[in-house]
Amino acid sequence: DERHLSRRIFLKGTGFIICMGTLTFFCCLLISPWLISWLYPNSLEGAMPIIALAIAGQIIYFTAGILKIILLRFFEEKYQTYINVIYGIGFFTITIVSLIFGGLYEFAWAVLVVNICYILMLIVFGLYKIDRGLGFNS
């Protein structure tokens, strides 16, 4: 089996995924106010303070999901469980605390922070596995 992921290809792919996520973020940021005002005209004013945070949190989550799929293609699938458990514990801990001591705005920040940590965890995991030659081709 010739499946091998080099550091260079991983970083280029990760950069491309992040660039596409950034482009998607700005497209969503432009479209969302119009879409919300059209579908939920009474909710636009309440949504505006958190719209960028909510969009960023979700785009980063989906971007991390794409990265995770790529990583699991080259490394053992068992890591998916470990990664998901770590993410789940972090997500529920931080978001529940943010809701207890804050509100919707703090929750949106918590989701963004957790998802940034999630994508960073995946990048560190990928680099660690690649640098140690722990993929299928080792």
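Visitor: Let's start at the far end of the sequence: where does Arg 132 sit relative to α5?

Guide: Arg 132 is in the segment after α5, the helix that spans 104-131. Bear in mind that this is a predicted model.

Visitor: Why is Arg 132 called partly exposed?

Guide: Its relative accessibility is 49%. Buried would need a value under 20% and exposed one over 50%, with partly exposed in between. Since 49% falls between those two cut-offs, Arg 132 gets the middle label.

Visitor: How far is Arg 132 from Cys 28, in sequence and in space?

Guide: The two are 104 residues apart along the chain, and their C-alpha atoms are 38 Å apart. For scale, the C-alpha atoms of the whole protein chain fill a box of roughly 55 × 30 × 20 Å along the principal axes.

Visitor: Now Lys 68, a lysine in helix α3, residues 51-74. What makes it count as buried or exposed?

Guide: Lys 68 has a relative accessible area of 10%. The cut-off for buried is under 20%, so at 10% Lys 68 is buried.

Visitor: Which residues does Lys 68 touch, leaving out those up to four places away in sequence?

Guide: That list is Gln 80, Ile 83, Asn 84, Tyr 118 and Leu 122. Tyr 118 and Leu 122 fall within the 104-131 span of α5. Over the whole protein chain, 34% of the 138 residues count as buried.

Visitor: Where is Leu 35, and what makes it fit for a nonpolar surface patch?

Guide: Leu 35 lies in helix α1, residues 7-39. A patch member needs over 30% relative accessible area. Leu 35 comes in at 33%, so it clears that bar while still being partly exposed. Leu is also among the side chains counted as nonpolar.

Visitor: Which residues make up the patch, and how much area do they cover?

Guide: Leu 35 is joined by Leu 30, Ile 31, Trp 34, Trp 38, Leu 39 and Tyr 40, for about 850 Å². The accessible surface of the entire protein chain is about 8800 Å², and 72% of that belongs to carbon and sulfur atoms.

Visitor: How do you know what pattern the fold follows along the sequence?

Guide: Count the elements: there are five helices and zero strands, and reading along the sequence gives α-α-α-α-α. As for contacts with a separation of 6 or more, 76% of them involve residues 24 or more positions apart.

Visitor: And how far apart are the mean positions of the positive and negative charges?

Guide: They are 9 Å apart, taken over 9 positive and 7 negative charges.

Conventions: Residues numbered from 1 in each chain as written. Predicted model: local features only at pLDDT ≥ 70, side-chain atom pairs only at ≥ 80, totals over all residues. Heavy atoms only, no water. Patch = residues over 30% accessible without salt bridge, like charges linked within 9 Å, V, L, I, M, F, W, Y side chains within 5 Å. Areas by Shrake-Rupley, 256 points an atom, 1.4 Å probe, with all protein chains shown as cover. Salt bridge = Lys/Arg side-chain N within 4 Å of Asp/Glu carboxyl O. Helix = DSSP H or I, 4+ residues; strand = E, 2+ residues; numbered from the N terminus. Buried < 20%, exposed > 50% of the residue type's maximum accessible area, 1.4 Å probe, protein only. Contact = heavy atoms within 4.5 Å. Lys, Arg positive; Asp, Glu negative; His and termini not counted. Charge placed at Lys NZ, Arg CZ, Asp CG, Glu CD.
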